[in-house]
Amino acid sequence: MLNKHFGIELVKTINQIEIDSSLPKDSIELKNKFSGKSITAIAAAYNSNDISSVEYGIWLKKLKLNPRIECFWWRLLNEAIPTNDFLMNCRILGHNSCPRGCEEREDTYHIMVHCHKLQQVIGILNKWGFTCPLFCSTKDCKYHLEKLSVHNRSLANLYYSLVYFSWKSRNSIKHGKNDWNSNFIAGNAISYASITSSNLFMDHWDTNQPSRMNYIWHPPPPEWIKVNLDAALTNNYNGGIGGVFRDSKGRFLLAFGIKCMH
Ligand SMILES: [Zn+2]
């Protein structure tokens, strides 16, 4: 049968495999898993017997993240991301250090917690008034993210988006382009996180229009002035912001538009 389907060399190799009839029967494992993990990652997770048993899917799903961000995190939590360390272990790359020059092994921990760029962006977010957490280990990060995913979804979302954009920016270097500006990464993280949690960071802004009214413009209550703002950022530091002020009868009062650097 082997000779019918394989060449001489392969038949020789296959024949060298000893068959031990006392072992459980072989079965197809990968076919029905669709996990997105490479075989190396599955083997490593199985061997370390560490995180493979944790069901991340449940709390990630509940957050209703952007599908790309959810998929990225699922892979990150399952050690199935092609970090430089991963690539070196696969013998695709000759070193395992961070492409951003951190002089540190780039593994999941580095991507999720420790890269200097990620920490820089967290610093910016904190300066902007978001209490973005700094974790000290992968275990610490996973533990607190799982808790935050239940008790403070806005903050969990922010961290998920932040690491995702930090990774995208890191990939930009790998593809011969520049690392993104830290403000740009921070801005994107807030933007994506606020799409997912419509009440994000707005707890004390109780004049904000409820999100169910967002499809049509509504005038503000009597004696209020409504300001509609829009802003755009590009990754080369340019930005623009504009706004329109209207009164409770919807009458135009004032408008502005500014070009700026961010
Ligand atoms: Zn780094």
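What end-to-end distance should the 22 residues of α10 span at 1.5 Å a residue, and how far apart are its end C-alpha atoms? The expected span is 32 Å and the end C-alpha atoms lie 31 Å apart, which agrees. The model is predicted. Its chain has eleven helices and three strands. α10 recurs below, as the element that gives the most to the largest nonpolar core.

**Overall layout**

- The chain holds 262 residues, and 23% of them count as buried.
- Reading from the N terminus, the order of elements is α-α-α-α-α-α-α-α-α-α-α-β-β-β.
- Take the contacts with a separation of 6 or more: 51% of them join residues 24 or more positions apart.

**Largest nonpolar core**

- This core has 37 residues.
- Tyr-159, Tyr-160, Val-163 and Ala-189 touch the most other members.
- Six helices each supply at least two residues: α5 (67-77), α7 (108-114), α8 (116-127), α9 (138-151), α10 (153-174) and α11 (182-196).
- The top contributor is α10, with ten residues.
- Ala-189 is in contact with Leu-158, Ser-161, Leu-162 and Phe-165, leaving aside neighbours within four places in sequence.

**Helix α10**

- α10 is mostly covered, with 16 of its 22 residues buried.
- The expected span is reckoned from one less than the number of residues, so 22 residues at 1.5 Å each give 32 Å for α10.
- With its end C-alpha atoms 31 Å apart, α10 agrees with that expectation.
- Gly-176 comes just after α10 and takes a positive phi of about 85°.

**The sheet**

- Three strands form an open sheet in the order β1-β2-β3, and the pairing is antiparallel.
- β1 (226-233) and β3 (252-261) are the edge strands, each pairing on one side only.
- On average, neighbouring strands of this sheet are turned by 10° against each other, direction ignored.
- β2 (residues 238-246) pairs with β3 in the antiparallel sense, over nine bridges.
- Within that pairing, Gly-240 has Lys-259 of β3 as its bridge partner.

**Points to check in the viewer**

- For the core, start at Tyr-159, Tyr-160 and Val-163, which are among the residues touching the most other members.
- For the end of α10, look at Gly-176, with its positive phi of about 85°.
- For the sheet, follow the nine bridges between β2 and β3, including the one that joins Gly-240 to Lys-259.

Terms used:
Residues are numbered from 1 along each chain as its sequence is written. This is a predicted model: local features need pLDDT of at least 70, side-chain atom pairs count only at pLDDT 80 or more; totals for chains, interfaces and linings use all residues. A nonpolar core is a set of buried Ala, Val, Leu, Ile, Met, Phe, Trp, Tyr and Cys residues joined through C-beta atoms within 7 Å. A residue is buried if 20 or more other C-beta atoms lie within 10 Å of its own, exposed if 12 or fewer, and partly exposed in between; C-beta atoms are placed from the backbone. Helices (H or I, at least four residues) and strands (E, at least two) are DSSP runs, numbered from the N terminus. Two residues are in contact if their C-beta atoms, placed from the backbone, lie within 7 Å. Two strands pair if DSSP finds at least two bridges between them. Axes are lines fitted to C-alpha atoms, for helices over the stretch in contact, and angles run from 0 to 180 degrees between N-to-C directions.
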